[in-house]
Structures are given as structure tokens and as C-alpha cells.
Amino acid sequence: MESITLSNSGISSSRIGLGTWAIGGWMWGGTDEAQAIATIRSALDRGISLIDTAPIYGFGTSESIVGKALSTPALRQQAVIATKAGLEWSSGKPRRDSRPARLRQELEDSLRRLRTDYIDLYQIHWPDPLVPIEDVAAELARMHRDGKIRAIGVSNFDPLQMAAFRAAAPLHTVQPPYNLFERGIDADVLPYAAGSGLTVLAYGALCRGLLSGRITTDTQFEGDDLRRADPKFADAWLRSRYLEAVRALDALAHERYGRDVLSLAVRWVLDRGPTVALWGARRPDQLDAVAGALGWTLDAETMKDIDAILRRELETPVGPEFMAPPQRAAA
Ligand code: NAP
């Protein structure tokens, strides 16, 4: 496994992190607890130390499963637990809520579900436009001083929001969407993070499985699976365009490195900056491919050829905005 220190926090993390949104079941067509626990332990066995979760993933289910999987002191110590705060779901749907009192309550709830007395990395899940960023930052700074959280992160923040946050608290990581097909942060967040010494936790590194090379025009998604609402999967024409791009990238990966598109996609994220690639998995066998992304790098010519393929196949790429939760109604 390759490793990285999360900014100046002193916390060493694997460069591939396990994403546990699907393990929560909600928006992923359900969960299987035994498989999920086996997946988390298999990740640790493979050297993946960072486990990314959130209260909203299954409305507590993902955190509870992570807590169960890491319930011995040795496993807990091996892991870097990254969780989040700032979304509430009292109506059954997520809404942004980073009011300090809620953040304090969320931390206690997460510690209980995760069966631990500290969080390694505590992240604000989405900016809440109804709460001043300095107030949110000051609350996390207090938790940090109290030793309840070891490092501080934000997710889905832009550089201006991060600058406001950093005026009131230390900031170690930012977690934006980032993969070969969703490259919005190339223009702002990635250079800002690189220039400010922040580590980037790239979410959706496989573009929700599209970059695995296993999705076809016929792949169906069941129940509440978010890919039924994701334009890249739901629109037949768009899906076929994206699958063409996957085929071209897979051919390039084979020709240059004797590897497949999944390895290329994760390697690309790792080679773009001070990044950790979050890999969503819910079965241990989905992690068999992890080794293929490690121990090599993409050369400059291949980087250029990848850009050319993306320009050619996807004239107007579709972003991940469909996932953004709404804000609360103003009081
Ligand atoms: P992802 O990592 O791009 O894709 C995960 C999906 O890819 C899996 O559920 C699986 O789908 C498929 N997959 C994984 N390994 C595979 C393999 N070897 N072969 C074939 N398919 C494979 O998407 P993600 O889970 O949305 O993102 C990763 C993590 O980032 C999340 O779990 C979460 O921790 C974090 N995240 C954060 C935010 C945020 O707002 N901060 C938003 C989204 C995600 P199936 O199981 O259906 O086969």
C-alpha cells in the first residue's frame, strides 16, 4: 500500500480509502451486514487504513457497521476513521444543517455508533449557507482541542469557503468528487489544496462503478439505487457515450501498461496530486483489484492521451451535481 500524511495532522493514511456509503444500504439498493463487515476487515488486511463513512449513509447504518467491524482495540488502532457531520434526515430526506448544537450532538452520536472515543478525521459533509462558516469552523476547532477529533476536513467546499474556514480553525483535508469523468476540481479545489498543503480525499473514484469496466448497456440497478437517477447511467444515450469512453481508456491501459481501466482510473486519481482515492465497495472481492492500482505511475504522454480520449468521447461531460442535498428552509 502507498501512504500519505493527512496534511500536517501527523496522521498517516493509506492512499486508497474504503468508501462505505453503499454499506449503509440507503440509495444503493440495500445492504448485507455480514458482507459489509467482511469487506471492512478485508480492506484492513490489504493495507487500506482509511475508512470513510457518514451518519447520513443509511441514517446511521454505515457508521454502526463500521463500529462493529472495528470493535476490537487492535482493529480500531489500525484504522483511520473518517466520518462527517452537517446533514440531518428527520423528514426521511437529507437536509444541510451545520448549526453548532447539532454538530455537537452528531459527534456524540457518531462516537457511540462507531464504538470509539475519538474520530481520526471529522469532516463537514456539505456547506450550510444558513450558518456562518467561521461558527462551524470554531466548533470543530473546539472538538480538536478537546481531543475528540484528531484532524479536520470539509467536503464539497469551494476555495473561498475553505479560506473562510481556515481563518477560524485548522483544516487538513477536503473531500470533493473526482474521477476521470468528473474533473470539475481541476480548475479550483485541486490547485488550492496543493498550494495550501491540504490532502484531497477524492470521492467516487470509480464514478459509481462506471469506471470499473463491468457496467454494460444492459446493467440494471435495483430499488433505491442512486444510479437509477444518475444521468450517466439513466439516460441510454449518455450511458453509451460513457461506455465508449470506458472502452477507449481500457484499450489504452492494456496497450501501455497491460492493465485494465479500473486500475488506470484509480492510478489517475493518485497521480493528480496529494490525493487519497475513496473506493466504494461492499463485498471483499471488489477489493481484489486494489493491488492493480498501486506501485506504478502514469507517464506524461499517457496523461495527455487520456485527456484526448475524454475530449473526443465526451464533448459535454455531465457532473455529479444530482447528488447535492438541499438546504433547510430559512427560519
Ligand atoms: P465509487 O467508489 O465510484 O463506486 C463504488 C461502486 O463501484 C461500488 O459500490 C460497486 O458497485 C462498484 N465497484 C467497486 N469495486 C468494483 C470492482 N472491483 N468491480 C466492479 N465494480 C466495482 O462510488 P462511491 O461509493 O459513491 O464513492 C466512494 C466513497 O466516497 C463513498 O462510499 C463515500 O465514502 C464517499 N462519498 C462522499 C461523498 C460526499 O459528499 N462527501 C459523496 C459520494 C461518495 P456495486 O456494489 O453496485 O457493484
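**Barrel, cavity and pockets in a predicted model**

The lining of the largest cavity in this predicted model splits into 7 nonpolar residues, 1 polar and 1 charged.

User: Which residue in the lining of the largest cavity is the charged one?

Analyst: Let's go through the list: the lining is made up of Ser98, Ile124, Trp126, Pro127, Asp128, Val131, Ile133, Val136 and Phe157. The class that counts as charged holds Asp, Glu, Lys and Arg. There's 1 charged residue to find, and the name on the list that fits is Asp128.

User: How many cavities of 30 Å³ or more does a search of the whole structure find, and what volume does the largest cavity have?

Analyst: Rolling a probe the size of a water molecule over the atoms shows where empty space is left. Here the search of the whole structure turns up 1 cavity of 30 Å³ or more. The volume of the largest cavity comes to about 40 Å³.

User: OK, on to the pockets. Which strand gives the most to the lining of the largest pocket?

Analyst: This pocket has a volume of about 1,100 Å³. Out of 48 lining residues, those closest to its centre are Trp21, Ala22, Trp28, Arg208 and Gly280. By class, the lining has 26 nonpolar, 13 polar and 9 charged residues. The strand that gives the most, with 3 residues spread over its stretch 275–280, is S12.

User: And the second largest pocket: how many charged residues does its lining have?

Analyst: That pocket's volume is about 330 Å³. It's lined by 17 residues, with Asn156, Pro177, Ile185, Pro320 and Glu321 nearest its centre. Sorted by class, there are 9 nonpolar and 3 polar ones, and the number of charged residues is 5.

User: Back to S12. Which residue in S12 is the bridge partner of Gly17?

Analyst: Start with the closed barrel of 8 strands, which runs S3-S4-S5-S8-S9-S10-S11-S12 with parallel pairing. Its neighbouring strands are turned by 30° against each other on average, ignoring direction. S3, which covers residues 16–19, pairs with S12 in the parallel sense over 4 bridges. In S12, the partner of Gly17 is Leu278.

User: One last residue: is Ser42 buried or exposed?

Analyst: Ser42 sits in helix H1, residues 33–45. Leaving out residues up to four places away in sequence, Ser42 touches Pro284 and Leu287. The cut-off for the label is under 20% relative accessible area, and Ser42 has 11%, so Ser42 is buried.

Key: Residues numbered from 1 in each chain as written. Predicted model: local features only at pLDDT ≥ 70, side-chain atom pairs only at ≥ 80, totals over all residues. Heavy atoms only, no water. Helix = DSSP H or I, 4+ residues; strand = E, 2+ residues; numbered from the N terminus. Buried < 20%, exposed > 50% of the residue type's maximum accessible area, 1.4 Å probe, protein only. Contact = heavy atoms within 4.5 Å. 1 Å grid on protein atoms, 1.4 Å probe; cavity = no way out; pocket = protein on both sides within 12 Å on 5 of 7 lines; lining within 4 Å. Points joined across faces, edges and corners; volume = space filled by probe spheres on them. Pairing = 2+ DSSP bridges. Axes fitted to C-alpha atoms, helices over the stretch in contact; angles between N-to-C directions.
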